[in-house]
Amino acid sequence: MPSRALLSWSTVLLSLLLLTACGEEKKPYAWQLPPGFPEPFVPADNPMSEEKVALGRFLFYDERLSGNGTQACASCHFPELGYVVVDAHPINDSGKPTSRKSQPLIGLGHASKALVGWDGRSATLEDQAKASIATGSRR
């Protein structure tokens with residue numbers, strides 16, 4: 001039987017292949033922001049699109065991306081509460097409390113690189129997402 005990590009990476013790889021197989025993205029993303037609110041930073045080599053937003057929303061709720069296959073990002077970062085983590089030390093995917101509270105996700109698109117992760121260990125939001133999938137939430 002394949003390992004959880006292999007299944008997680010397979011899901012991500014398949015999703016990316018399906019996204020790139022569509023060829024040129026046809027629907028640029030239309031931001032729906034309050035008046036006067038700036039658009040988040042978007043890397044030139046990774047432009048926003050309706051398809052990527054839909055994929056991100058799907059993966060945010062996909063439990064297969066956790067180390068044990070039972071927790072999604074939304075299991076701790078509650079969308080209905082502004083993507084905050086309410087527990088001071090949430091339970092990670094190995095069943096143990098984390099060493100610190102996870103960052104809220106709201107507003108990270110406006111954060112400087114130094115603010116991605118409490119200690120700035122990830123240079124970009126993309127790097128943070130990759131690290132979370134690769135290592136689980138065991139920190």
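This passage describes the fold, the burial of residues and the aromatic contacts of a predicted model.

The protein contains three helices and zero strands. Along the sequence, these elements follow the pattern α-α-α. Of the 139 residues, 23% count as buried. The accessible surface amounts to about 9,300 Å², and carbon and sulfur atoms contribute 63% of that area. Among contacts with a sequence separation of 6 or more, 36% are made by residues 24 or more positions apart.

Helix H2 spans residues 50-60, and its buried residues are Val53, Leu55, Leu59 and Phe60. Viewed down the axis of H2, these buried residues fall within an arc of 165°, so they line one face of the helix.

Three aromatic pairs are present in the structure. One of them joins Tyr29 and Trp31 in an edge-to-face arrangement, with a distance of 4.9 Å centre to centre and an angle of 85° between the planes. Both partners are placed in the intermediate class of burial: Tyr29 is partly exposed at a relative accessible area of 25%, and Trp31 is partly exposed at 26%.

Phe60 and Tyr83 form another edge-to-face pair, at 5.6 Å centre to centre and with 70° between the planes. Phe60 belongs to helix H2 whereas Tyr83 belongs to the loop between H2 and H3, so the pair ties together parts that are 23 residues apart in sequence. The two rings are not equally covered. Phe60 has a relative accessible area of 14% and is buried, because the cut-off for a buried residue is under 20%. Tyr83, with a relative accessibility of 31%, counts as partly exposed. Ring pairs also bring in Tyr61, so that Phe60, Tyr61 and Tyr83 are linked into a cluster.

Tyr83 also takes part in a feature of the protein surface. The loop that holds Tyr83 runs between H2 and helix H3, the latter comprising residues 125-135. Together with Leu105 and Ile106, Tyr83 makes a nonpolar surface patch of about 250 Å². The relative accessible area of 31% for Tyr83 is compatible with this role, because patch residues are required to have over 30%. Tyr83 is thus a member both of the aromatic cluster with Phe60 and Tyr61 and of the nonpolar patch with Leu105 and Ile106. Phe60, in turn, is a member of the aromatic cluster and one of the buried residues of helix H2.

Definitions and conventions: Residues numbered from 1 in each chain as written. Predicted model: local features only at pLDDT ≥ 70, side-chain atom pairs only at ≥ 80, totals over all residues. Heavy atoms only, no water. Helix = DSSP H or I, 4+ residues; strand = E, 2+ residues; numbered from the N terminus. Buried < 20%, exposed > 50% of the residue type's maximum accessible area, 1.4 Å probe, protein only. Contact = heavy atoms within 4.5 Å. Areas by Shrake-Rupley, 256 points an atom, 1.4 Å probe, with all protein chains shown as cover. Arc of directions from axis to C-beta. Patch = residues over 30% accessible without salt bridge, like charges linked within 9 Å, V, L, I, M, F, W, Y side chains within 5 Å. Salt bridge = Lys/Arg side-chain N within 4 Å of Asp/Glu carboxyl O. Phe/Tyr/Trp six-rings, centres within 6.5 Å; stacked < 30°, edge-to-face > 60°.
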